[in-house]
Amino acid sequence: MAPPQANAKTVQYRRTHNLLLGTRLLSQRGTPSPFTLILDSLEQSSAPLVEEYIARAKQLRVSIIYVSFTTLRPPKDVTKVIKARGKSLDVLQKELVAATTPASGQPDPSKVSSMVIIDSTNHLVSISSEGEGGGARKPTMSLSIFLSSILAPSVTVIATYHTDIPRISSPNTAAGNAYAPNPLELLKYLCTTLITVYSPSHTFTQKRALDKSLPPPNFGLDEGVEGSLTSLGSNTGWCETCGVNEKSRGLIYELEHRRMSGRAMSEWFFLLCHAPSKKSKERLILLEDHPAYNPTIVEVPSANGGGGSVEDNDLTFSLGLTAKQKSDRDGVVLPYFDAQSEEGGTGGRILYVPGREDDWDDEEDEI
Amino acid sequence: MSKLPTPAEILGQSFRFLPQESQLLLITSVLGTSPSWLTYSLLHNSLISGENVVFASFLNEFAYFREGGKRHGLDLQSHLRKGTLTFIDGFSKLFLPVVSTPASAPVQSIPAPSQRVGGIPPRGGPIPPRQIPQSAPTAAPADPIKYISLGPSPSPVALRQLDVIKTALQGLGSSGTRPKLVVEGLDVLIAAAGIDVRAVEDLVYDLRDISSTTTILLPSDSVLIQTSASSTPLELSHANLVISLAHTADAILSLRLLDTGVAKDISGVLKVTRGAGNLGDTDGIVEEKEMLYYESDAGVRIFARGSGGH
């Protein structure tokens, strides 16, 4: 889906409602989302977003279980790492259930107590389809049974799916599988929150092209350059304050959250690399509130009122106005102000009443 | 002695090879560009700084790299003799019958070349027909090159032969620091030996686990990575391998030809992009860039677009 055009009418409403929901989902507080599916690609990895989830979960003392199919270096705040490579779905399920069952016998259903992170659902899909139709082999459980078995009220699952890896369907499973949905469609259907991540640099480039009514450029595998897998700007983040040699972890994501009532909310967010100011710690903002995406954004007035961007610290006089000066200035009636309202609209006619002292020349001037 | 760009010039000044971190560099190339100079650059850097390297190739034999390295002032033969470099030849004997132990009876039945499945032409131009080594038991122990043979018709069991790479890594990594690994031509295993792509991915995962920096060279021509609904399983497998590795890589170095055609003082374009692996907490950042490069007898030069390389 294309990112939204800046819409001044709804942005205020979405700034309050959707941003709040987005923050709550990221912190897994108040609004439960048992299964979050993150779709990523070579242009933008989901890693910074997953790290943000982990950092916020850590503050809430949630135990984090990292299921690693491809990652050799899991993020550092993880409570437990389960190496899933080479394991069957049954074994993995048993390990996960054992890890997510709370040790003390009194689980609090209102609070999320463990978070399961799956680094590559592609591999989960491929091992779940391995045993199907295999005849002699014992059929392994299906993906939906696996997922529903690990989901409990106190567990939240965050799974990443790499959308650009082509899926290989084994030839011997084709017969039994013809009517089954594509695993990605199934995952999208099962999840309660669907997130698609985008590279900020690519999104901004596309936006600038669209603003000039140019066709937006393609990136990555679709760039159309022979032999090129990824484009410049992939995984680079976007941050004004980061130096050249610092990693910026900013990213753009589209979020679709399905409430229990069935109503869905869809919104585009920008996850900032740093907190925007000292006062607000929240790193999540609406995409439209990012100046690089929406240059026409109204700046929030600064706290000291006058002055604004003018650096007036080392001046010997004040550039600002007192309240009285301001009200006096507002009361000044500009010359010909009433003429504009009464007789205006008739073009560039000069309003002038000739006085007695005017030296009138009838031949030249005509009024 | 010619000059090669250093890894710092290619990957950025702040990027560091970490001894314990299982980094992954993916080098992709298209037909017409040879990624060998990138390999030499990395090998040169590692061997000069005294690190151990395991180099496995399924596309070329050691003579190809020895000659190529010599042109760039890199004496691979001496490093091989010293033991800091282990070369694993997965090309010369890949489809010859499996020899159980080096000291056992010499190969008796050599299949006719026409029956073999292999025969991938090396990148460096035609080579004279290989002399299939007849019995040379006296020379075998002195030969520091390890060979991989899967047999004339590889079966899934033959995968165990690939453990040679693992053993070589473990043998070199005993002293606390892990060795580096360079693998070329994993696509041959999928395309010619019929090995499942998942098995190859598992192999890479296991190898990365016991090595410090893994460098993998794979072709990325558009026909091989652009897939559609009508793609063959082989195309899907190749694309699957390249893209899954790219998802875990620290840096992706892709070589391609100049978009505007052939130029006499430009060999191609080198693009360095940051992979998801570089987003973690490890220090050092891969600087993304697109540079032109020119390979000549005087070495390889990389330069920015428009600077003409002078």
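Here are three short exercises on a predicted model, each with a worked solution.

**Exercise 1. Find which strands of chain A pair with strand 7, and in which sense.**

Solution. Start with strand 6 (residues 193–198) of chain A: this strand pairs with strand 7 in the antiparallel sense, over six bridges. To fix the register, note that Leu194(A) has Glu256(A) in strand 7 as its bridge partner. Next, turn to strand 8 (residues 264–271) of chain A, which also pairs with strand 7 in the antiparallel sense, here over eight bridges. On this side, Arg258(A) is bridged to Ala264(A) of strand 8. Finally, look at the link: the hairpin of strands 7 and 8 of chain A has five residues between the strands, and Gly262(A) there takes a positive phi near 100°.

**Exercise 2. Work out why strand 7 of chain A counts as largely enclosed.**

Solution. Take residues 251–258 of chain A and apply the cut-off for buried, under 20% relative accessible area. Six of these eight residues are buried, so strand 7 is largely enclosed by the rest of the structure.

**Exercise 3. Check the length of helix 8 of chain A, then describe its surroundings.**

Solution. Helix 8 of chain A has twelve residues (200–211), which at 1.5 Å a residue should span 16 Å. The C-alpha atoms at its ends are 16 Å apart, so the two values agree. Now for burial: the buried residues of this helix include Pro200(A), His202(A), Phe204(A) and Lys207(A). Among the elements covering the buried residues of helix 8 are strands 6, 7 and 8 of chain A. One last stop is Ser213(A), just after the helix, with a positive phi of about 60°.

How values were computed: Residues are numbered from 1 along each chain as its sequence is written. Chains are lettered from A and ligands numbered from 1 in the order in which they are written. This is a predicted model: local features need pLDDT of at least 70, side-chain atom pairs count only at pLDDT 80 or more; totals for chains, interfaces and linings use all residues. Side-chain values use heavy atoms; hydrogens and water are left out. Buried means under 20% relative accessible area, exposed over 50%, partly exposed in between (1.4 Å probe, protein chains only). Helices (H or I, at least four residues) and strands (E, at least two) are DSSP runs, numbered from the N terminus. Two strands pair if DSSP finds at least two bridges between them. The expected span of a helix is 1.5 Å times one less than its number of residues. Contact means heavy atoms within 4.5 Å.
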